[in-house]
Amino acid sequence: MAKRIKLIKELCKGCGYCIEFCPNKVFERSEEITEKGVTPPTIKHPARCTLCGLCTRLCPDFALTIEEEEDHG
């Protein structure tokens, strides 16, 4: 099973820590405005993600997780 980074938009407050501190520039600010009135990040470059977990440790709202992804093939 492969792993991937996942954003839970409902928990995000749009602080931008993941965008600012990701060493591989995986995230960008989205154009979307959530129900909370914030612009969450988007996982713009998932192939760059090395699953280092820095974003999951920095996120004050636990809106980022690393999860198992089933192989469909």
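**View 1. T34, tucked into the loop between β2 and β3.** We start in this predicted model with T34, which sits in the loop that links β2 (27-29) to β3 (41-43). Loop residue or not, T34 is buried, because its relative accessible area is 13%, under the 20% cut-off. Leaving out residues up to four places away in sequence, T34 touches K9 and P40.

**View 2. The largest nonpolar core, with L7 as a way in.** Eleven residues make up this core: I5, L7, C12, C18, C22, V26, F27, C55, C59, A63 and L64. Zoom in on L7 and, with neighbours within four places in sequence set aside, you'll find contacts to C12, P40, P41, I43, A63 and L64. As a bit of background, nonpolar side chains in soluble globular proteins tend to be buried together.

**View 3. A nonpolar patch on the surface, built from Y17, F21 and L58.** These three residues give a patch of about 270 Å². F21 belongs to helix α1, which covers residues 17-21. Is F21 buried, exposed or partly exposed? F21 counts as partly exposed, since its relative accessibility is 42%, and that falls between the 20% and 50% limits.

**View 4. R48, in the loop between β3 and α2.** Here the loop leads from β3 to α2 (54-58), and R48 is part of it. With a relative accessible area of 40%, R48 is partly exposed. Which residues does R48 contact, leaving aside neighbours within four places in sequence? They are N24, K25 and V26. F27 is 21 residues from R48 along the chain, and their C-alpha atoms are 9.7 Å apart.

Key
Residues are numbered from 1 along each chain as its sequence is written. This is a predicted model: local features need pLDDT of at least 70, side-chain atom pairs count only at pLDDT 80 or more; totals for chains, interfaces and linings use all residues. Side-chain values use heavy atoms; hydrogens and water are left out. Helices (H or I, at least four residues) and strands (E, at least two) are DSSP runs, numbered from the N terminus. Buried means under 20% relative accessible area, exposed over 50%, partly exposed in between (1.4 Å probe, protein chains only). Contact means heavy atoms within 4.5 Å. A nonpolar core is a set of buried Ala, Val, Leu, Ile, Met, Phe, Trp, Tyr and Cys residues joined through side-chain atoms within 4.5 Å. Patches are made of residues with over 30% relative accessible area and no salt bridge: like charges are joined within 9 Å, nonpolar side chains (Val, Leu, Ile, Met, Phe, Trp, Tyr) within 5 Å. Accessible areas come from the Shrake-Rupley method with a 1.4 Å probe; for residues, only the protein chains shown count as cover. A salt bridge is a side-chain nitrogen of Lys or Arg within 4 Å of a carboxyl oxygen of Asp or Glu.
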